Amino acid sequence: MVIGDVEVLSGNVVALGQSRRPGCLRCPLERLAGRNYCGGCGNPLRARCERKQVSVLFADVSGFTALSERLDPEQVSEIMRRTFDLALEAVHQHGGTVNQFLGDGIMALFADSSGEHHACRALNAALVAQERLETVRRDVRRSYGLEFRVRMAINTGPVVVGAIGADLRTDYTATGKTAGIASQLLGVAEPGQIVLTGRTRELATGRYNFGRLGEMPLPGALETVDIYTLTRETPGYVESTRLATV
């Protein structure tokens, strides 16, 4: 059922661009011809939204406002360019996808693929990014006398992913409780910390060193989630992996 500019499905209101039906991203109207092609332009149809199990990673620059107030726009732009380059490199190296830039940060998704579980790949990407961004932190301190730290948050669970928008503006995004908790978790993280939920930790037990931070209440709900900080990969695990490849 369509009311105005939204479509109501099973009592939930979603944007037409987020329809769960296959649709054409090129034509304003969904004129279906069979199951696979648009009747208006012949463009192959794709599902607008799909439910997936993923690990969501948020990362942002702590104190970005203060940084912007103290430095020239060109200097800030160069710092952020280096930050994004290193973060994207770490995400892509571990099979993730950066699906949104959030001004002073990014949102990345890690889904099922061959090899390691996506929770482990997200944690590995966070550790690698943290290590590589140390060069940016040292340069900012030496050049400008300012502290530069990046904080990260990771959660694992179901999300709805898909394209939203039309031909002139299309974004790939993920929505749902899992992404919302990861975003909220970012506000708990201290500068330089990698924080994660108990769900992500369960999927990576034995491989990493964690520290428990306590519980985080969820807004508008009575439940809480256990949260942890990630410090490093377990040295014993790294050594056993090396021996296994010999």
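Biologist: Is Gln75 buried, partly exposed or exposed?
Modeller: This is a predicted model, and every value here is computed from it. Gln75 sits in helix H2. Its relative accessible area is 26%. Buried means under 20% and exposed means over 50%, so Gln75 with its 26% is partly exposed.

Biologist: What distance separates the C-alpha atoms of Gln75 and Tyr144?
Modeller: Along the chain, Gln75 and Tyr144 are 69 residues apart. In space, the separation of their C-alpha atoms is 9.9 Å.

Biologist: In which helix does His92 lie, and is His92 buried, partly exposed or exposed?
Modeller: His92 belongs to helix H2. Its relative accessibility is 47%. The exposed class needs over 50%, so His92 in H2 counts as partly exposed.

Biologist: How far from His92 is Phe110, C-alpha to C-alpha?
Modeller: The two residues are 18 places apart in sequence. Between the C-alpha atoms of His92 and Phe110 the distance is 9.6 Å.

Biologist: What span is expected for H2?
Modeller: H2 has 21 residues. From first C-alpha to last it reaches 30 Å. At 1.5 Å a residue, that is close to the expected 30 Å.

Biologist: Which residue just after H2 takes a positive phi?
Modeller: H2 covers residues 73-93. Just after this helix, a phi of about 75 degrees is taken by Gly95.

Biologist: Which element gives the largest share of the largest nonpolar core?
Modeller: This core has 40 residues, and Ile106, Phe148 and Ile154 have the most contacts inside it. Elements that give two or more residues to it include S8, S10, H3, H4 and S11. The buried residues of H2 include Val76, Ile79, Met80 and Phe84. With nine residues, the largest share of the core comes from H2.

Biologist: Which residues does Phe148 contact, leaving aside neighbours within four places in sequence?
Modeller: Phe148 is one of the core residues with the most contacts inside the core. Setting those sequence neighbours aside, Phe148 is in contact with Val61, Leu67, Ile79, Thr83, Val136, Arg137 and Val140.

Biologist: How many cavities of 30 Å³ or more are there, and how much space lies in the largest?
Modeller: The structure holds two cavities of that size. In the largest of them, the space is about 100 Å³.

Biologist: Which of the residues lining the largest cavity are closest to its centre?
Modeller: The lining is made of 17 residues. Strand S8, helix H2, strand S10, helix H3 and strand S11 each supply at least two of them. By class, 13 are nonpolar, two are polar and two are charged. Closest to the centre are Ala59, Thr83, Ala87, Ile106 and Val150.

Biologist: Why is H3 described as largely enclosed by the rest of the structure?
Modeller: H3 has 15 residues and reaches 21 Å from its first C-alpha to its last. Its buried residues include His118, Cys120, Leu123 and Val128. H3 is largely enclosed because the buried ones among its 15 residues number twelve.

Biologist: Is Glu131 of helix H3 buried or exposed?
Modeller: Glu131 lies in H3, and its C-alpha atom is 9.8 Å from that of Leu86, 45 residues away along the chain. The relative accessibility of Glu131 is 59%. The cut-off for the exposed class is over 50%, so Glu131 with 59% counts as exposed.

Biologist: Is Leu186 buried or exposed?
Modeller: Leu186 is placed in helix H5. Not counting residues up to four places away in sequence, Leu186 touches Phe58, Ala59, Asp60, Arg151, Met152 and Ala153. With a relative accessible area of 9%, under the 20% cut-off, Leu186 is therefore buried.

Biologist: Which residues does Ser62 touch, not counting those up to four places away in sequence?
Modeller: Ser62 is found in strand S8. At a relative accessible area of 18%, Ser62 is buried. Apart from those sequence neighbours, Ser62 touches Arg149 and Pro191.

Biologist: What percentage of the protein's residues count as buried?
Modeller: The protein has seven helices and 15 strands. Out of its 246 residues, the share that counts as buried is 42%.

Conventions:
Residues are numbered from 1 along each chain as its sequence is written. This is a predicted model: local features need pLDDT of at least 70, side-chain atom pairs count only at pLDDT 80 or more; totals for chains, interfaces and linings use all residues. Side-chain values use heavy atoms; hydrogens and water are left out. On a 1 Å grid over the protein atoms alone, a cavity is a set of points where a 1.4 Å probe fits but cannot get out, and a pocket is an open set with protein on both sides within 12 Å along at least five of seven lines; lining residues have an atom within 4 Å of a point. Grid points are joined across faces, edges and corners, and a volume is the space filled by probe spheres set on the points. Helices (H or I, at least four residues) and strands (E, at least two) are DSSP runs, numbered from the N terminus. Ala, Val, Leu, Ile, Met, Phe, Trp, Tyr, Cys and Pro count as nonpolar, Asp, Glu, Lys and Arg as charged, and the others, Gly among them, as polar. Buried means under 20% relative accessible area, exposed over 50%, partly exposed in between (1.4 Å probe, protein chains only). A nonpolar core is a set of buried Ala, Val, Leu, Ile, Met, Phe, Trp, Tyr and Cys residues joined through side-chain atoms within 4.5 Å. Contact means heavy atoms within 4.5 Å. The expected span of a helix is 1.5 Å times one less than its number of residues.
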